[in-house]
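Colleague: I'm new to this structure and would love a close look at a single part of it. Could you pick one helix and walk me through its surroundings?

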Amino acid sequence: NETKTFTIAAIPADGVGQEVVAAGRQVLDTLADVSGGAFNFDWREYDWGSDYYAQHGVMMPEDGPDQVKDADAIYFGAVGWPTVPDHVSLWGLRLRLCQGFDQWANIRPVNFLPGIQSPLRRADDTHLDWVVVRENSEGEYAGFGGRNFSGRPGQGQVATQSAVFTEVGCERILRFAFELAQTRPGKKVSSVTKSNAQQYGMVLWDEVFDRVAADYPDVETESVLVDAMSAKFILHPEDLDVVVASNLNADILSDLGSALAGSLGLAASANLNPERRYPSMFEPVHGSAPDIAGQGLCNPLGALGSAALMLDHLGLPDEAKRLQLAIEDTCRRRVLTPDVGGAATTVDVTKSVIDALA
Ligand code: NAI
Ligand code: MG
């Protein structure tokens, strides 16, 4: 029996990204160990991020994408540190990979775990489970715009930031959402826009949504404005199944969703290139958390949930399920970091997940 080797590019980057990627590597190696030689991971770790920037003046080398393009997947931590302007660090590393590798679908499950208290009282006795599908290649994060008169601070600087919506971009993410909904019990897609105020791009999105929906008659649909959807997340979350939205709107809604599920530290995410022409990238939703970095207190479960999404993508759905059950087992036994009301460390939680797997 031959062992299948997966090459994984690990990019921990900044702050708690370092701690949670280390946790994920241990957990994934444990899964490989208990697979009885069915598969293993060949880790290639890259030291890109804000420290790299301090030394080299760039977040990653010019040929960075070339260095990781043949990996089976990228396992990412978080980028951003007070020493580098956030737009420089984000565009110089994370967005360069997401956009360069055409990872146009960002999947962010809102996962209500056992033993974790949600700020929503309704969560106590209602089954809640939805997933945010984020358009990840254009929209508000297309990087279109400019600044003028920046040499005259306080004297009338001008900046524009345009959102870009293409018919191709809208159609592919909307179809992705419908196909995902077909695999889920809820079979519903909620499309989120702000097309009353943004009458060009978002109206195009709405039109493509209606056209695409006709191809999926088995899937229930609704169109909701983003402000109303933010209220709905809190008031009627049991009505949600697949929520598809533009880059910015889904970014905001997914943080709201993870807070409702108990903590930003729990939320997992996959940046997918569904055509598999380039590697996909798996990362927790949270950032580098400078306020708690280096203390061993960050919650690794968002990164571990992202590892489960990566296993699924690598064609190991049983292992993905197994890891998800180990995460649930750890929560049920209340081995929890302080962000979810416990006193365990990152290492304690990681060890508990490993024990549940082994
Ligand atoms: P953040 O997600 O780093 O932190 C927000 C709050 O959540 C903080 O109170 C933090 O302690 C808490 N938190 C985050 N992750 C946690 C975890 N694993 N366990 C327990 N608590 C956790 O967002 P913030 O503070 O706005 O940004 C910090 C830096 O991260 C900035 O430089 C920002 O640009 C960057 N960032 C990077 C992202 C990425 O790489 N995907 C996403 C969001 C922010
Ligand atoms: Mg975000």
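Modeller: Happy to; here is a tour of one helix, followed by its neighbours and its wider setting. Please keep in mind that this is a predicted model.

Let's start with helix H11, which covers residues 346–357. Its 12 residues reach 17 Å from the first C-alpha to the last, close to the 16 Å expected at 1.5 Å a residue. Which residues of H11 are buried? They are Thr346, Val349, Thr350, Ser352, Val353 and Ala356. Looking down the axis of H11, you would find these buried residues within an arc of 160°, so they line one face of the helix. A general point helps here: an α-helix has 3.6 residues a turn, so residues three or four places apart point the same way.

What does that buried set pack against? The partners are helix H1 (16–34), helix H9 (301–313) and helix H10 (317–332).

Of these partners, let's visit H9. This helix has 13 residues and spans 18 Å between its first and last C-alpha, close to the 18 Å expected at 1.5 Å a residue. Here 12 of the 13 residues are buried, so H9 is largely enclosed by the rest of the structure. Among the buried residues of H9 are Leu301, Gly305, Leu309 and His313. After H9 comes Gly315, which has a positive phi, near 85°.

Now for the wider setting. The domain assignment of the protein chain gives domain 1 as 1–110 + 263–358 and domain 2 as 118–261. The centres of the two domains, taken over C-alpha atoms, are 24 Å apart. Contact between them involves 19 residues of domain 1 and 19 residues of domain 2. On the side of domain 1 that touches domain 2, helix H4 (86–100) and strand S4 (105–111) each supply at least two residues. S4 gives the largest share of that side, with 6 residues.

To finish, take a look at strand S8 (residues 188–193), which is mostly covered, with 5 of its 6 residues buried. S8 pairs in the parallel sense with strand S9 (residues 220–225) over 6 bridges, and with strand S10 (residues 242–245), also in the parallel sense, over 4 bridges. Ser191 is a handy landmark: its bridge partner in S9 is Ser223, while in S10 it stands opposite Val244. Together, S8, helix H6 (residues 201–213) and S9 form a right-handed β-α-β unit.

Notes: Residues are numbered from 1 along each chain as its sequence is written. Chains are lettered from A and ligands numbered from 1 in the order in which they are written. This is a predicted model: local features need pLDDT of at least 70, side-chain atom pairs count only at pLDDT 80 or more; totals for chains, interfaces and linings use all residues. The expected span of a helix is 1.5 Å times one less than its number of residues. A residue is buried if 20 or more other C-beta atoms lie within 10 Å of its own, exposed if 12 or fewer, and partly exposed in between; C-beta atoms are placed from the backbone. The arc is that of the directions from the helix axis to the C-beta atoms. Two residues are in contact if their C-beta atoms, placed from the backbone, lie within 7 Å. Two strands pair if DSSP finds at least two bridges between them. A crossover is right-handed if, with the strands pointing away from the viewer, the path from the first strand over the helix to the second runs clockwise. Domain bounds come from an automatic or database domain assignment.
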